[in-house]
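This report takes up two topics: strand pairing and internal cavities. Look over the sequence and the model first.

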Amino acid sequence: MARSFLVPAALLLAAGCAPAAPAQSTPDDAPAKAAATAPTEGEKNATAAQKAAPAEAPPLAFIEDDLPAAIARARAEKKALFVDAWAPWCHTCLSMKSYVLVDPSLRPLADRVVFAAIDTDRPESASFLERHKMSFWPTFFVIDPARDEVLAYWPGAASARELKSLVEDALVVMDASAPAGDPRRLLAQASAARAAGEHKRAIGLYDEILGKTDASFARRDDAIVGKLYALAGSGDAAACARFGEENVAKVRGSAAPADFAATLLSCASKLPKGAAQDSARRAAIARVEALVQKPPAESSVDDRADALAILASGLSDRGDAEGARAAHEKRLALMEKAATEAKTPEMAATYDYGRAVSYVALGRPEEAVRMLEQREKEMPKSYDPPARLAGVLFKMGRLEDALRANGRALALAYGPRKLGYLKLRADIQAKMGDRAGQIATLREEVAGYEALARGQASETALADARRRLAEAEKAPADKKR
């Protein structure tokens, strides 16, 4: 879903993870993630079991950016394949890697599962992305490597307990111990359909699951959430808003409730102004307000910060500038504390995007600049700090500084993300009155999109780049924007 978080597109371009509604290969928005109502008795027991896991258990070992090796190993050992599809610019991805995937309670899964991670912007990831579509960063897949079949699919943030349950259900499906009509098998089929962009088929399967189960089915929430995302992806905003409003208060989990509310807000924004739009927005905002007031124990700092960002955006759209500001202030305090307590700069960088967004929203961009300049010194091989810095400087009107920071990011970036940074460079050059430079940059951007492999290509982004190039070429030579 597209959410402004009260900041300009230039800052979002250097920002966090992808939308709840399906999007193209270079998402610019942060994901919605947050928490639920009080956990059920089963959730309490699962959490207690996690805490009781042996402290000495090592974290999972991931095969990084080598899917052929991971697939070969999974086939040879007759194991399932777990794939963490992530990107370095995605704050949710960083949060999952630093705070969730290291949980020792997940370690026993390695007896049945091979774990792999792929940076989705790298060229070698394109073939996987062609077969398995994504609209959230990160997305977690559990795959039967013998058939390349998606057994389970989880977009966005999750707790360790939720991931463990996801994998265990996938193993039941893979072992064929679940009958054809078992909701877990149907959920796997619905997940695969949604991953492939087959929204109508996914909606039908989710309806079948919901018709067969009640609240006692542990993963019923996954079906509710999945159906909403499929409705959003299908383009039926009215149906999405109706279903979302009916179910927004029912969804549980560490991140899914706020994701759900944010998707409802996105669908509501596409409705004509009127009672239906207002009602859907009220329901979504009320749910997020409740989540902010009482986050579940399993939600991460990143989850809670995103819930506050969704609240700020919803309140801003409603015209409540004071409420939006208060949400940003609370969000910033939460993330600053977490960044201060982080053990490494890489862990602290989880919060850079969110902090920058809130600094800008609160009229304190200089603090964002200082933070990002320091992070660039700490992480000189990462494109992310200078990319974010360029967006903030552009917003401040410091064009020469923004251009230099953008150049440093471009020197390190690759894949679809690099093309987003070219877009910002062209915008900076246009503001500076450098029409020749702008056109040259836009031509490079267009050529870059044309050269992407199918799994990473975006017809929408390519069309947009071509449109902007055509407009720049037709503009009068002395015109400055």
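Which residue of β3 does L81 stand opposite? The partner is V114. The model is a predicted one.

## Strand β3 and its neighbours

L81 and V114 face each other where β2 (residues 80-86) pairs with β3. Seven bridges join these two strands, and they run parallel. Between them the chain passes through helix α4 (residues 91-100), and this β-α-β crossover is right-handed.

Strand β1 (residues 63-64) also runs parallel to β3, joined to that strand by two bridges. There, I63 has A116 of β3 as its bridge partner.

## Burial of β3

Strand β3 spans residues 113-119, and seven of its seven residues are buried. Both faces are covered. One side carries V113, F115, A117 and D119. The other carries V114, A116 and I118. V114, which stands opposite L81, is thus placed among the buried residues of β3.

## Cavities

How many cavities of 30 Å³ or more does a search of the whole structure find? The search finds five. The largest cavity holds about 170 Å³ of space.

Sixteen residues line this largest cavity. Nearest its centre lie W154, P155, R194, D222 and V225. The lining divides into ten nonpolar, two polar and four charged residues.

Four elements each supply at least two lining residues: β5 (149-155), α7 (183-195), α9 (220-234) and α11 (256-269). The largest share, four residues, comes from α9.

Key:
Residues are numbered from 1 along each chain as its sequence is written. This is a predicted model: local features need pLDDT of at least 70, side-chain atom pairs count only at pLDDT 80 or more; totals for chains, interfaces and linings use all residues. Side-chain values use heavy atoms; hydrogens and water are left out. On a 1 Å grid over the protein atoms alone, a cavity is a set of points where a 1.4 Å probe fits but cannot get out, and a pocket is an open set with protein on both sides within 12 Å along at least five of seven lines; lining residues have an atom within 4 Å of a point. Grid points are joined across faces, edges and corners, and a volume is the space filled by probe spheres set on the points. Ala, Val, Leu, Ile, Met, Phe, Trp, Tyr, Cys and Pro count as nonpolar, Asp, Glu, Lys and Arg as charged, and the others, Gly among them, as polar. Buried means under 20% relative accessible area, exposed over 50%, partly exposed in between (1.4 Å probe, protein chains only). Two strands pair if DSSP finds at least two bridges between them. A crossover is right-handed if, with the strands pointing away from the viewer, the path from the first strand over the helix to the second runs clockwise.
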